[in-house]
Amino acid sequence: MFKAELIERAARFRSAAEDPTRNLQSCPSLVLNADYTPLSYYPLSLWPWQTAIKAIFLDRVDVIATYDREVHSPNLDMKIPSVIALKQYVKPSEFPAFTRFNLFLRDRFSCQFCGDQSNLTFDHVVPRRLGGKTTWENIATACAPCNMKKGGRTPKQAGMQLYAEPIRPTHWQLQQHGKMFPPNYLHETWRDWLYWDIELEE
């Protein structure tokens, strides 16, 4: 199956006609930066509808698109925003925090020794007993079996090969990796603002 088909299956865009069947809690707003790019791809930058409406009243966002659902108050009827854009640009930090989640995202949620995507943990490339540190440049995602096989040795000592040398990723690099993992629900009004890594086919 082509990569594009897999992504389309995982991230089917829902039409506005499906909105009336959706619970209000399932009507999040896609949040764009002031340059109209998503604040984040993975996890996708979404706000609950209550947070989005509060931001509208505080004049912090512009409404780009709405659902066919409305919320009502004694003095107001308002369509729930499906896409909003910040009025002030938020500059992302150049380097993301060193967390387990970001480490897995850097390595595309795959073992860097065998490619397996289950039972993931992390491995010190140079073991701590040999002076290896817990840093971006010395930690790689590994499945539990490969981690056990490698043990307290270097990859070379264990006769194992890393797919890629671990690096300290930039925010931009993680966002690019995040485009490979679209969520299960994508509303059709989000389509023009999301750019997944789908190869165009002739």
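Of the contacts in the protein chain with a separation of 6 or more, 64% are between residues 24 or more positions apart. The model is predicted. The chain has 202 residues, and 40% of them are buried. Its secondary structure comes to 6 helices and 8 strands.

**Overall layout**

- Along the sequence, the helices and strands come in the order α-β-β-β-α-β-β-α-β-β-α-α-α-β.
- The chain exposes about 12,000 Å² of surface, and 53% of this area is supplied by carbon and sulfur atoms.

**Helix 6 and helix 3**

- Helix 6 spans residues 171–178, and its buried residues are Leu174, Gln175, His177 and Gly178.
- Viewed down the helix axis, these buried residues fall within an arc of 160°, so they line one face of helix 6.
- The partner against which the buried residues of helix 6 pack is helix 3, residues 100–106.

**Arginine 106**

- Arginine 106 belongs to helix 3.
- Its relative accessible area is 6%, and because buried means under 20%, arginine 106 counts as buried.
- Beyond its neighbours within four places in sequence, arginine 106 is in contact with eight residues named here in sequence order: Trp136, Ile139, Ala140, Pro166, Ile167, Pro169, Leu174 and His177.
- Two of these contacts, Leu174 and His177, are among the buried residues of helix 6.

**Pockets**

- Rolling a probe the size of a water molecule over the atoms shows where empty space is left.
- The largest pocket holds about 390 Å³ of space.
- This largest pocket is lined by 20 residues, of which Thr37, Pro38, Pro92, His171 and Gln175 are the closest to its centre.
- By class, 8 of the lining residues of the largest pocket are nonpolar, 8 are polar and 4 are charged.
- The second largest pocket has a volume of about 220 Å³.
- Its lining consists of 14 residues, and the closest to the centre of the second largest pocket are Arg106, Asp107, Arg108, Ala164 and His177.
- The lining of the second largest pocket divides into 6 nonpolar, 4 polar and 4 charged residues.
- Helix 6 contributes to both linings: Gln175 is one of the residues closest to the centre of the largest pocket, and His177 is one of those closest to the centre of the second largest pocket.
- Arg106, which is buried, is also among the residues closest to the centre of the second largest pocket.

**Backbone exceptions**

- Most residues other than glycine have a negative phi, and most peptide bonds are trans.
- Tyrosine 42 and proline 43 are joined by a cis peptide bond, with omega at about 0°.
- Proline 43 sits in the loop between strand 2 (29–32) and strand 3 (46–47).
- Phenylalanine 109 is not a glycine, yet its phi is positive, at about 55°.
- The loop between helix 3 and strand 6 (120–124) is where phenylalanine 109 is placed.
- Phenylalanine 109 is buried, and its relative accessible area is 18%.
- Asparagine 119, also not a glycine, has a positive phi of about 50°.
- Asparagine 119 lies in the loop between helix 3 and strand 6.
- With 57% relative accessibility, asparagine 119 counts as exposed, whereas phenylalanine 109 is buried.

Note on methods:
Residues numbered from 1 in each chain as written. Predicted model: local features only at pLDDT ≥ 70, side-chain atom pairs only at ≥ 80, totals over all residues. Heavy atoms only, no water. Buried < 20%, exposed > 50% of the residue type's maximum accessible area, 1.4 Å probe, protein only. Helix = DSSP H or I, 4+ residues; strand = E, 2+ residues; numbered from the N terminus. Arc of directions from axis to C-beta. Contact = heavy atoms within 4.5 Å. Areas by Shrake-Rupley, 256 points an atom, 1.4 Å probe, with all protein chains shown as cover. 1 Å grid on protein atoms, 1.4 Å probe; cavity = no way out; pocket = protein on both sides within 12 Å on 5 of 7 lines; lining within 4 Å. Points joined across faces, edges and corners; volume = space filled by probe spheres on them. Nonpolar A, V, L, I, M, F, W, Y, C, P; charged D, E, K, R; others polar.
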